[in-house]
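These are my notebook entries on one structure. I set down what I looked up, in the order in which I looked.

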Amino acid sequence: MSRIDDLIAEYCPDGVKHQTLGEIGEFIRGNGIQKRDFQDSGFGCIHYGQIYTYYGLFADHTKSFIDPNLAEKRKKAYKGDLVIATTSENEEDVCKACAWLGEEPIAISGDAYIFRHHQNPKYISYCFQSELFQSQKKKYITGTKVLRVNGDAMAKIHVPVPPLPVQEEIVRILDSFSSLEAELEAELEAELEARRKQYTHYRDELLKFERES
C-alpha cells in the first residue's frame, strides 16, 4: 500500500468526507486597491489581476505595496488564507487561487476574495486547480465579456476534506511533482536556447558566400 493508502486506512477507513467550501471556511471580499495606489515599499498587497499574471499556487511575499495608512481600511489575508481572483475575461482564470504563506498580513483588492479556513492551505490551493472544482465552478460563472463568480457561489462547491495528515502527504507528493516539472522546464529551456544558438550559427554560416568580383 502507498503512504496515502496507509493514512486513509488509519484516519478515515470509511472514506473521505466531501464538504462545501462554505462548511469548512468563509469567503471575505477584498476592497478598494487600485494599481495607482502601488508603491515601492510599505504594506504588502495583492491586486486580483496579479493572481493570474504573477502569482503561482502559493506565495510568501508580495510584488506590490501600498501606504500603511491606506491598508488600515482594507480587507486583509493572513497566513494560511487563500486569495482568489473572481473576475476575468476567460473561464480558466476565474477562481484562480493563491495560498498566502507569509508571516505578515496583506491587503487584498476588490474583485478578489479571501478564503479563511483551518485546512492545509496548499492542499486547498491544489483543490482549486482540480477538475472536480473546475467542473463545479462553471455553473456559477456569470457575465459574458467579463466573467465573475462570487463568494456565495464558491461556498456551494464541494471538495474532498481528508484529515490533515492525509492532506499533508498529498501536498508533499504534489510539491515534489511541481519541483520536478520546474526542473525539467528549466533543462528544456536551456536545451532549446542552445539549439537556437546552434541554428543561428549554422544559418549564418550556410548563407555566407564570397561576393562576386
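**Entry 1: the sheet**

I began with β7 and β11, which pair in the antiparallel sense over 4 bridges. Here I count two strands as paired if DSSP finds at least two bridges between them. Helices (H or I, at least four residues) and strands (E, at least two) are DSSP runs, numbered from the N terminus. I worked on a predicted model, in which local features need pLDDT of at least 70 and side-chain atom pairs count only at pLDDT 80 or more, while totals for chains, interfaces and linings use all residues. Residues are numbered from 1 along each chain as its sequence is written, and side-chain values use heavy atoms, with hydrogens and water left out.

Across that pairing, I found isoleucine 84 opposite tyrosine 113 in β11. I then looked up β9, which is joined to β7 by 4 bridges and runs antiparallel to β7. There, alanine 97 is the bridge partner of isoleucine 84.

I next traced the open sheet as a whole: its 5 strands have the order β2-β11-β7-β9-β4, with mixed pairing. β2 (25-29) and β4 (58-59) are the edge strands, each pairing on one side only. I noted that β4 pairs with β9 (residues 96-100) in the parallel sense over 2 bridges, with alanine 59 opposite tryptophan 100.

**Entry 2: the cores**

I checked the side chains of β7: Leu82 and Ile84 point one way, Val83 and Ala85 the other, and all are buried. Buried means under 20% relative accessible area, exposed over 50%, and partly exposed in between (1.4 Å probe, protein chains only).

I then looked up the largest nonpolar core, a set of buried Ala, Val, Leu, Ile, Met, Phe, Trp, Tyr and Cys residues joined through side-chain atoms within 4.5 Å. This core has 27 residues; Leu21, Leu82, Ile84, Phe115, Phe128 and Met154 touch the most other members. The largest share, 5 residues, comes from α5. Another core, of 15 residues, lies apart from it and includes Ile28, Ile51, Ala77 and Ala85.

**Entry 3: arginine 74**

I located arginine 74 in the loop between α4 (68-71) and β6 (76-77). Arginine 74 is buried yet has no salt bridge, that is, no side-chain nitrogen of Lys or Arg within 4 Å of a carboxyl oxygen of Asp or Glu. The nearest side chain of opposite charge, aspartate 37, is 5.8 Å away; Lys and Arg count as positive and Asp and Glu as negative, with His and the chain ends not counted. I found that the side chain of arginine 74 reaches the backbone oxygen of glycine 32 at 2.8 Å.

Conventions:
A polar contact is a pair of N or O atoms within 3.5 Å; within protein, one must be able to donate a hydrogen and the other to accept it, and residues adjacent in sequence count only if both atoms are side-chain atoms.
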